[in-house]
Protein chains: 2
Amino acid sequence: MSKRVFGVDIGGTTVKMGFFSSEGDLLDKWEIPTRTENNGANILPDIAGSIRKKMDSEGLTENDIVGIGISCPGPVDDKGVVHKCVNLGWGNFNVGDEMRKNIDLPVFAGNDANAAALGEVWKGGGSGRENVVVVTLGTGVGGGIIINGKVLSGSQGSGGEIGHIHINDNEDEKCGCGNYGCLEQYASATGIVRLAGRKLASDSRPSALRDKTLTAKEVFDLAKDGDVLANEIVEEFGEVLGKGLANVAGVVNPELIVIGGGVSKAGQIVIDVVKKNYVKYVFHGSRGSEFALATLGNDAGIYGSAKLVIDGVKRA
Amino acid sequence: MSKRVFGVDIGGTTVKMGFFSSEGDLLDKWEIPTRTENNGANILPDIAGSIRKKMDSEGLTENDIVGIGISCPGPVDDKGVVHKCVNLGWGNFNVGDEMRKNIDLPVFAGNDANAAALGEVWKGGGSGRENVVVVTLGTGVGGGIIINGKVLSGSQGSGGEIGHIHINDNEDEKCGCGNYGCLEQYASATGIVRLAGRKLASDSRPSALRDKTLTAKEVFDLAKDGDVLANEIVEEFGEVLGKGLANVAGVVNPELIVIGGGVSKAGQIVIDVVKKNYVKYVFHGSRGSEFALATLGNDAGIYGSAKLVIDGVKRA
């Protein structure tokens, strides 16, 4: 039997747990609640307990396990030190050191968006590529940059935070980060609803959107059905995201850009509208970058966390 | 005697040649003309001849030389393949393979802006740091990104091309790259002169700039003397460059940003005005990035080319 790897993805409400072969086959997955009370003091012990239970039920000892990968919803530097996870109540500490108080196994920690990117490049939409930008369009906009197959964590774990690059000088609503005019304000699911609301308020033409509860999915569905205003909103989204990704590509010159998150479920229309605008703005040296949709969905984080272990053990 | 390293920086009119100890001490430097006729077919043979001459005069054989580092004014990928150097007349080929037709030594090639960045991080303004953005403000705006001490070349050698990230949606003059509103159009020496020309044409207030031949140096000199319009031009420059660097930092989260090139000779005023705007736009995770001036001047390229050899040999 090959050794086993645990890939753990900590979210604000649930912790996703993945049990992998060391070749990266997902053998089992489950979730446990994220207990954020007491500044999240129970989270790592709960994870350790769940891993211990799985090991017992499979009849495994520490010798059968390569290690545990853990992705966290906040900046994590290359030494595995987390720099505040507001959603978990966590301050600054070394995740591996804390985790090993509960279970004696090698631990490798990373940021959740970066781990998801690594997962997509390992086993998903970016499989087989070395230099990839992954952008995740969910409630917010997350990003992960993979250079020569490795996550670009940055000096303090804030590498790939492309949701907060500045896009618009004329924005008067504040972004969640405190700035004005961030990519996330237009390209996230929430941002698309915001664009739609503004459009409907400022434009008197008819649209089926006026009879619906505004969601990003509704905007894309109606755009595919030919609704004129919905298509203009999609264009606006594509212009902003294409421009933002062009600037990211000017910095890292990726061979591939992978688009994931809930918004990407709209499919090819997202790639088409983003790529059209991307080539308009990007430096010619990156005009050939390809685009693909993410394929791992909510499992990207556990895959990427498992890969952190496999890469980390190889390096050590 | 320690072994020797050659660091070569190919420019459009001259080739800068550096002769280093393997510890990185610059022992001698000189220049030879860049012969661009015949699609630049003589450039590499000329370099090989000049190296051979130096070896002979120092009584050195191939065994005494670690290798030759060569930086080129165009994209060079991680395999040492140059993807067109318009200024030299070069197409696509492997620089090492070509060079070894003339001299049998290990060759490591890179892009000139990236090599200059590596030089600054090795022996200049970024010395001792691992994650650094270097921006060079000359006739154009060049950039180099150092991640964990290594150049980020990108998938086709266009990593760090930050002079062409999109900054302004309302620009009607075309950038040299063919796009509109690139960082280079405002933050290069040429860009600052353009900003100054526009300012003087649209504003009737008095300024000593009106009696001068407009240069970036004149703008900064008069700004330091308290000239109101010159200071407003410097502010505009700082706003654009601060915003651009904030977006770069959102992607790579550097610990340090080094500003070099002719414009940086204006000194601390450049850092002050750029940093003030940088912190206004940057994602909070990168707000703590430090700023420094480049210190190697025109030697940054030969230093970086020498470092390509030292790192390359270590990896091989």
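In the hairpin formed by β2(B) and β3(B), 4 residues lie between the strands, and G24(B) adopts a positive phi near 95°. The model in which this turn appears is a predicted one. On either side of the turn, β2(B) and β3(B) run antiparallel and are joined by 7 bridges. Within this pairing, F19(B) has D28(B) of β3(B) as its bridge partner.

The hairpin belongs to a wider arrangement. In chain B, 5 strands make up an open sheet with mixed pairing, in the order β3-β2-β1-β4-β7. At its edges stand β3 (26-33) and β7 (107-111) of chain B, each of which pairs on one side only. From one strand to the next, the twist averages 20°. Toward the β7 edge, strand β4 (residues 65-72) of chain B runs parallel to β7(B), and 5 bridges join the two. There, G69(B) is placed opposite F108(B) of β7(B).

Two helices of chain B pack on this sheet. Helix α2 (residues 43-58) of chain B touches β1 (4-10), β2 (14-21), β3 and β4 of chain B, and its direction makes about 150° with that of β1(B). Helix α10 (residues 300-315) of chain B touches β1, β2, β3, β4 and β7 of chain B, with its direction at about 130° to that of β1(B).

One residue shows the packing of helix α2 in detail. K54(B) is located in helix α2 of chain B. Is K54(B) buried or exposed? Its relative accessible area is 12%, and therefore K54(B) counts as buried, since the cut-off for a buried residue is under 20%. When neighbours within four places in sequence are left aside, the contacts of K54(B) are with F6(B), F19(B), D28(B) and W30(B). Two of these names have already been met, for F19(B) and D28(B) are the bridge partners in the pairing of β2(B) with β3(B).

A second sheet is found further along chain B. It is again an open sheet of 5 strands with mixed pairing, and its order is β10-β9-β8-β11-β12. The edge strands here are β10 (150-151) and β12 (290-293) of chain B, each pairing on one side only. Strand β9 (residues 141-147) of chain B is joined to β10(B) by 2 bridges, and the two strands run antiparallel. In this pairing, I146(B) is opposite V151(B) of β10(B). Helix α8 (residues 228-252) of chain B packs on the sheet and touches β8 (132-137), β9, β11 (256-260) and β12 of chain B; the direction of this helix makes about 150° with that of β8(B).

The description now turns to chain A as a whole. Chain A contains 10 helices and 12 strands. Its radius of gyration is 20 Å, close to the 20 Å given by the globule rule for 316 residues, so chain A is as compact as a globular protein of that length. The C-alpha trace of chain A spans about 65 × 45 × 35 Å along its principal axes. Of the 316 residues in chain A, 58% are buried. Among contacts in chain A with a separation of 6 or more, 61% are between residues 24 or more positions apart. The area exposed by chain A is about 12,500 Å², of which carbon and sulfur atoms supply 47%.

Charged side chains complete the picture. Side chains of opposite charge can pair when their charged atoms come close. Over all chains, the count of salt bridges comes to 48. One of them links K54(A) to E58(A), with the closest N and O atoms 3.0 Å apart. K54(A) and E58(A) are 4 residues apart in helix α2 (residues 43-58) of chain A, which means that about one helical turn separates them. In this pair, K54(A) is buried at 11% relative accessibility, whereas E58(A) is partly exposed at 40%.

Another salt bridge joins R100(A) and D97(A), at 3.2 Å from N to O. Here R100(A) is partly exposed, with a relative accessible area of 35%, and D97(A) is partly exposed, with 45%. In chain B, E37(B) forms a salt bridge with R35(B), and their closest N and O atoms are 3.9 Å apart. E37(B) is partly exposed at 42% relative accessibility, and R35(B) is partly exposed at 35%. Finally, a network of salt bridges in chain A links E171(A), D172(A), E173(A), R194(A) and R198(A).

Technical notes
Residues are numbered from 1 along each chain as its sequence is written. Chains are lettered from A and ligands numbered from 1 in the order in which they are written. This is a predicted model: local features need pLDDT of at least 70, side-chain atom pairs count only at pLDDT 80 or more; totals for chains, interfaces and linings use all residues. Side-chain values use heavy atoms; hydrogens and water are left out. Two strands pair if DSSP finds at least two bridges between them. Axes are lines fitted to C-alpha atoms, for helices over the stretch in contact, and angles run from 0 to 180 degrees between N-to-C directions. Contact means heavy atoms within 4.5 Å. The radius of gyration is taken over C-alpha atoms; the globule rule is 2.2 Å times the number of residues to the power 0.38. Buried means under 20% relative accessible area, exposed over 50%, partly exposed in between (1.4 Å probe, protein chains only). Accessible areas come from the Shrake-Rupley method with a 1.4 Å probe; for residues, only the protein chains shown count as cover. A salt bridge is a side-chain nitrogen of Lys or Arg within 4 Å of a carboxyl oxygen of Asp or Glu.
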